[in-house]
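I opened this notebook to keep track of what I looked up, entry by entry, while getting to know a new structure. My two topics were charged pairs and the nonpolar interior.

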Amino acid sequence: MKLDLKHVAQEPSAVLPFDFELDLSQVEWNGIRPFSHSIHVEGRVRNMAGAMLLNARLGSVLSLVCDRCARPFEREKAVEYETLLAMELANEESDDIVLLDKDGVLELDGLMQEIFLLEMDTKNLCSEDCKGLCSGCGVDLNREPCRCKKEIDPRLAKLAQLLEDQGSKE
């Protein structure tokens, strides 16, 4: 989606709202395609005393895989974004200001895609208390207990053997 912002830049207190769906279904993130649902983007550009301010809210439901137990799950993701827009910059460098093209047009799809991807979590858990998989037997510890035979600390092996021997005599 392209926004023509020439009239917003020239008219004090002008507002240009936008509302669209962003399709990222072909984007791969950490080996999966979490964007099975489109990303809803809504917001507005306002001229505030000669400065253009872009406010946006992005939201979607992500299809993820838990990093601990490897189960698929879905989670809502919402991102709030605000930045200044400019037709030109005096020093040509600013990380806080988005520059419009020479015709006063803003390519919103690319900017919103970048913002949403930068806000993606690096670790995805199905729940905060997910126990994950057992490193020995591979069982999902959220659903059943570990099947591994507990290893005995070599320093206590003699004591364990003594307890075993005493248990077999009774």
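The entries below go through the salt bridges and then turn to the nonpolar core.

**Entry 1, the model.** I noted before anything else that this is a predicted model, and I read each value below as computed from it.

**Entry 2, the count.** I began with charged side chains, since side chains of opposite charge can pair when their charged atoms come close. I looked up how many salt bridges the structure holds, and the number is five.

**Entry 3, Arg 57 and Glu 80.** I found the side chains of Arg 57 and Glu 80 meeting in a salt bridge, with 3.2 Å from N to O. Arg 57 belongs to strand S4 (residues 51–65) and Glu 80 to strand S5 (residues 72–86), so this pair ties together parts that lie 23 residues apart in sequence. I also checked how far each partner is open to the outside: Arg 57 has a relative accessibility of 38% and counts as partly exposed, while Glu 80 is exposed, at 60%.

**Entry 4, Arg 71 and Asp 140.** Next I looked at the salt bridge between the side chains of Arg 71 and Asp 140, where the N to O distance is 3.9 Å. This pair links distant parts of the chain, 69 residues apart, with Arg 71 in the loop between S4 and S5 and Asp 140 in the loop between helix H2 (108–118) and helix H3 (157–169). Is Asp 140 buried or exposed? At 12% relative accessibility Asp 140 counts as buried, because the cut-off for that word is under 20%. Its partner Arg 71, at 25%, counts as partly exposed.

**Entry 5, Arg 147 and Glu 144.** I then recorded a salt bridge between Arg 147 and Glu 144, whose closest N and O atoms are 2.8 Å apart. Arg 147 is exposed at 58% relative accessibility, and Glu 144 is partly exposed at 33%. Looking at shared partners, I found that salt bridges join Arg 71, Asp 140 and Arg 143 into one network.

**Entry 6, the core.** Which members of the largest nonpolar core touch the most other members? Among its 38 residues, they are Leu 5, Leu 54, Leu 106 and Met 112. The elements giving two or more residues to this core are strand S2 (15–22), strand S3 (39–48), S4, S5 and H2.

**Entry 7, Leu 54.** I ended with the surroundings of Leu 54, leaving aside neighbours within four places in sequence. The contacts of Leu 54 include Phe 18, Val 45, Tyr 81, Leu 85, Leu 106 and Met 112, and also Arg 44 and Glu 82.

Note on methods
Residues numbered from 1 in each chain as written. Predicted model: local features only at pLDDT ≥ 70, side-chain atom pairs only at ≥ 80, totals over all residues. Heavy atoms only, no water. Helix = DSSP H or I, 4+ residues; strand = E, 2+ residues; numbered from the N terminus. Buried < 20%, exposed > 50% of the residue type's maximum accessible area, 1.4 Å probe, protein only. Core = buried A, V, L, I, M, F, W, Y, C linked by side-chain atoms within 4.5 Å. Contact = heavy atoms within 4.5 Å.
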